[in-house]
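Student: I would like a close look at one part of this protein, the sheet, together with the helices and loops that go with it. Please take me through it step by step.

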Amino acid sequence: MPEPKTVLAFMAHPDDVEFLCAGTLARLKKEAGCKIAIATATSGDCGSAELRPEQIARIRHKEALAAAKILDADYYCAGCMDLQIFNDRGTFMRFVEVLRKARADVVITAAPVDYMIDHEQTSLIVRAATFAAPIPNVPTEDVDPAEILPGVPHLFYADPLEGKDHFGRQIEPDFVVDITSVIETKERMLACHDSQRAWLRSHHGMDQYIISMKEWSAERGKLIGKPYGEAFRQHRGHAYPSDNVILKLLGEG
Ligand SMILES: [Zn+2]
């Protein structure tokens with residue numbers, strides 16, 4: 001079994017982590033002793049039909065903190081706004097700084113092709129930041145910059161929404177983690193995002209926040225013959241470690 005790692009899940013919005021990879025994080029903490037960190041690009045300022053951006057952002061920041069606390073995880077927000085995640089200099093530097101502050105050995109981010117641009121941009125900038133975080137000549141202009149990372153972290157991509165790209169084509173995962181033993185933890189984490197149940201009801205006509213998470217987890221579980229699962233692909237391009245450290249940490253690889 002490898003040494004415990006620090007695993008950073010870095011997604012676009014508060015609640016993305018809870019939908020897509022919280023079960024895997026819970027198992028990595030419980031079974032492999034990993035330190036968990038959660039980061040989001042935004043505070044979810046568009047996630048309300050009634051509240052002003054700064055009001056809902058404050059609420060959602062607190063909800064994200066509460067969810068992270070369940071895994072004893074540090075929570076970081078990279079300070080972007082919903083629908084305005086751009087691959088610009090300042091955003092890139094803030095993403096690099098989050099990776100360095102979290103001391104990430106393993107990073108899970110959004111799918112490179114997904115139903116919305118925020119997810120794709122976050123995926124792209126996280127990819128760029130993982131490559132840059134160990135490079136000494138990449139400063140971040142943070143008031144208290146963290147040390148560079150010792151190496152390029154392992155990088156994994158979670159599912160796009162409904163497992164489809166934006167052409168509606170199914171995305172085949174590389175592997176599925178059985179999260180049956182921690183589905184209740186995942187549910188508790190998602191339930192911290194209380195404001196979103198109401199928001200999804202008004203925007204999508206959907207009142208099934210928790211149920212839809214469980215349905216999708218059950219869908220992925222089917223691929224491995226288990227009640228619940230979470231699916232991933234691994235970034236294996238040049239300079240990235242290509243061994244499946246997630247399965248190794250869970251004693252399954
Ligand atoms: Zn999202």
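Tutor: In this predicted model, seven strands form an open sheet of mixed pairing, and their order across the sheet is β3-β2-β1-β4-β5-β7-β6. The edges are taken by β3 (74-80) and β6 (175-178), each of which has a single partner strand, so that one side of each is left without a neighbour in the sheet. Direction ignored, neighbouring strands of this sheet are turned by 25° against each other on average.

A good place to look within the sheet is β4, which comprises residues 106-109 and stands between β1 and β5 in the strand order. Toward β1 (residues 6-11), β4 is joined by four bridges, and the two strands run parallel; here phenylalanine 10 is found opposite threonine 109 of β4. Toward β5 (residues 154-158), the pairing is again in the parallel sense and again extends over four bridges. On that side valine 106 faces histidine 154 of β5, while valine 107 has leucine 155 as its bridge partner. As for the side chains of β4, Val106 and Ile108 point one way, whereas Val107 and Thr109 point the other way, and all of them are buried.

From β4 we can move to the edge of the sheet at β3, where helix α3 (residues 53-70) lies across β2 (35-42) and β3 and runs at about 150° to β3. The loop that links α3 to β3 holds aspartate 72, whose phi is near 60°, a positive value in a residue other than glycine. Such a value deserves a second look because most residues other than glycine have a negative phi. Aspartate 72 has 9 C-beta neighbours inside 10 Å and therefore counts as exposed.

Beyond β3, the chain enters the loop that leads to α4 (89-102), and leucine 83 lies in that loop. Leucine 83 also has a positive phi, of about 65°, although it is not a glycine; with 13 C-beta neighbours inside 10 Å, it counts as partly exposed. Isoleucine 85 is found in the loop between β3 and α4 as well, but this residue has 24 C-beta neighbours inside 10 Å and so counts as buried. If neighbours within four places in sequence are left aside, the contacts of isoleucine 85 are Ala12, Ala41, Thr42, Cys80, Thr91, Asp118, Gln121 and Thr122. By contrast, glycine 229, which is 144 residues away along the chain, has its C-alpha atom separated by 29 Å from that of isoleucine 85.

Helix α3 also provides a route to two further helices, since the elements that cover the buried residues of α6 include α1 (16-20), α2 (22-32), α3 and α8. In α6 (residues 183-191), the buried residues are Ile183, Lys186, Met189 and Leu190. Around the axis they cover an arc of only 120°, which puts them on the same side of α6. The general background is that an α-helix has 3.6 residues a turn, so residues three or four places apart point the same way.

Helix α8 (residues 209-222) can be read in a similar manner: its 14 residues reach 21 Å from the first C-alpha to the last, close to the 20 Å expected at 1.5 Å a residue. Its buried residues are Tyr209, Met213, Trp216, Ser217, Arg220 and Gly221. Seen down the axis of α8, these fall within an arc of 145°, so they line one face of the helix. On the face turned away from the buried side, α8 carries the exposed residues Ile211, Glu215 and Lys222.

Finally, these parts can be set within the whole chain, whose secondary structure comes to nine helices and seven strands. The C-alpha trace spans about 50 × 45 × 35 Å along its principal axes. The radius of gyration is 17 Å, which agrees with the value near 18 Å for a compact globule of 253 residues. Of those 253 residues, 49% count as buried. Among contacts with a separation of 6 or more, 73% come from residues 24 or more positions apart.

Note on methods: Residues are numbered from 1 along each chain as its sequence is written. This is a predicted model: local features need pLDDT of at least 70, side-chain atom pairs count only at pLDDT 80 or more; totals for chains, interfaces and linings use all residues. The radius of gyration is taken over C-alpha atoms; the globule rule is 2.2 Å times the number of residues to the power 0.38. A residue is buried if 20 or more other C-beta atoms lie within 10 Å of its own, exposed if 12 or fewer, and partly exposed in between; C-beta atoms are placed from the backbone. Two residues are in contact if their C-beta atoms, placed from the backbone, lie within 7 Å. Two strands pair if DSSP finds at least two bridges between them. Axes are lines fitted to C-alpha atoms, for helices over the stretch in contact, and angles run from 0 to 180 degrees between N-to-C directions. The expected span of a helix is 1.5 Å times one less than its number of residues. The arc is that of the directions from the helix axis to the C-beta atoms.
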